[in-house]
Amino acid sequence: MRIAISGANGRMGRMLIEAVLQHPDLTLAVAIDHAGSPSLGQDAGAFLGQQTGVTISADIEQLQYADCLIDFTRPEGTLHYLEACKRFGTKMVIGTTGFSTEEKQTIEKAAEQIAIVFAPNMSVGVNATLKLLALAAQLLNTGYDVEIFEAHHRHKVDAPSGTALIMGEVIANEWGKNLNDIADWARHGHTGAREEGHIGFSVVRGGDIIGDHTVMFCGTGERIEISHKSSSRSTYAQGSCRAALFLKDKANGLFSMSDVISA
Ligand SMILES: NC(=O)C1=CN([C@@H]2O[C@H](COP(=O)(O)OP(=O)(O)OC[C@H]3O[C@@H](n4cnc5c(N)ncnc54)[C@H](OP(=O)(O)O)[C@@H]3O)[C@@H](O)[C@H]2O)C=CC1
Ligand SMILES: O=C(O)C1=N[C@H](C(=O)O)C[C@H](O)C1
């Protein structure tokens, strides 16, 4: 399967290039970054000291030479590449986070034409954790206050993380609620007492933390914590490669990592 990587010079872009180069069933065909990127014109494997023959370019017409684009960039970048992928029938694995509701709807609509895996976290461990959270939310549906904590590196631009948001959505769905109606996004000053049935979020940004998520179910006399901690970005890259292969025989449709790990 011929793979294109966008954000080729980014933290995840580089992890993905390495993972694709090592994967027996995937070939690195295209590497893209934005028009202002200092990486344009470099070999995609230069950071590994390797010559791959694939040059990083800003030319989105290159996407016609790939079966699947793996995109970890910014929402505006993803939507730009989405248009080209629709035009060429190129599948997409989208790991980018921070989309608005309208932007998510644009991706959903595009999936009527092309096959897309869209997930805020590609790690198998996090997607298994989502299943544990659904069960915990069913069992602890009264008398437990839910608080979601996440910590990431100093460069992360969106908050709460896409993973924290989907964790909240999984729990809210189990409770038959819309997350936006019950989320306490931040607290400061005289907040008043905690509202029953709400989900609180708290965020840390610092140093090189790759990604920590903890969901607390705080009851009276006890507290249950479900945590996932990433120690390498390679899990996201491996999950993305698995997602690309999952799309191989799909003509169109929107899929999650839950679909990928259950296949
Ligand atoms: N789903 C998952 O499993 C994971 C998701 N993520 C998400 O992936 C995204 C990227 O993360 P990360 O690799 O750490 O970020 P980086 O900033 O390291 O990489 C992003 C890449 O995209 C480029 N870029 C920036 N703006 C645009 C744009 N408008 N159009 C096209 N390209 C652009 C950057 O270029 P430049 O550096 O020149 O600005 C860079 O090459 C984030 O949304 C993050 O939350 C991250 C890890 C796991
Ligand atoms: O920006 C990151 O680094 C990460 N982003 C994703 C998110 O927003 O959940 C996934 C992971 O936590 C790393």
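How do the residues of the shell around ligand 1 divide into nonpolar, polar and charged? The close-ups below, all taken from a predicted model, start with that question.

**Figure 1. The shell around ligand 1.** Here the residues divide into six nonpolar, 14 polar and four charged. There are 24 residues around this ligand, and those that come nearest are Gly 7, Gly 10, Met 12, Gly 77 and Gly 95. Two elements give two or more residues to the shell: helix 1 (11-22) and helix 2 (75-88). Of the elements, helix 1 supplies the largest share, three residues.

**Figure 2. The shell around ligand 2.** Take a look at the residues around this second ligand: Thr 97, Pro 120, Asn 121, His 152, Lys 156, Ser 161, Gly 162, Thr 163 and Gly 211. Sorted by class, they are one nonpolar, seven polar and one charged. Ligand 2 lies between domain 1 (2-122 + 233-262) and domain 2 (124-230), because both domains give residues to its shell.

**Figure 3. Positions annotated as "binding site".** In the UniProt record, an unreviewed entry, this annotation covers His 153, Gly 162 and Thr 163. Two of these positions, Gly 162 and Thr 163, also appear among the residues around ligand 2. The next two views zoom in on His 153 and Thr 163.

**Figure 4. His 153 and its contacts.** You will find His 153 in the loop between strand 7 (145-152) and helix 5 (162-174). His 153 counts as partly exposed because it has 13 C-beta neighbours inside 10 Å, and the buried class begins at 20. Leaving aside residues up to four places away in sequence, His 153 touches Gly 207, Asp 208, Ile 209 and Ile 210.

**Figure 5. Thr 163 and its contacts.** Is Thr 163 buried or exposed? With 25 C-beta neighbours inside 10 Å, Thr 163 counts as buried, since 20 or more are needed for that class. This residue sits in helix 5. Again leaving aside residues up to four places away in sequence, Thr 163 touches Pro 120, Asn 121, Val 126, Glu 150, Gly 211 and His 213.

**Figure 6. Where domain 1 meets domain 2.** The C-alpha centres of the two domains lie 28 Å apart. Their contact takes 10 residues from domain 1 and 14 residues from domain 2. On the domain 1 side, helix 7 (234-246) and helix 8 (257-262) are the elements that give two or more residues. Helix 8 gives the most to this side, with three residues. By class, the domain 1 side holds three nonpolar, six polar and one charged residues.

Note on methods:
Residues numbered from 1 in each chain as written. Chains lettered and ligands numbered in written order. Predicted model: local features only at pLDDT ≥ 70, side-chain atom pairs only at ≥ 80, totals over all residues. Near = placed C-beta within 6 Å. Helix = DSSP H or I, 4+ residues; strand = E, 2+ residues; numbered from the N terminus. Nonpolar A, V, L, I, M, F, W, Y, C, P; charged D, E, K, R; others polar. UniProt positions renumbered as here; feature names shortened; annotations may be inferred. Buried ≥ 20, exposed ≤ 12 C-beta atoms within 10 Å, placed from the backbone. Contact = placed C-beta atoms within 7 Å. Domains from an automatic or database assignment.
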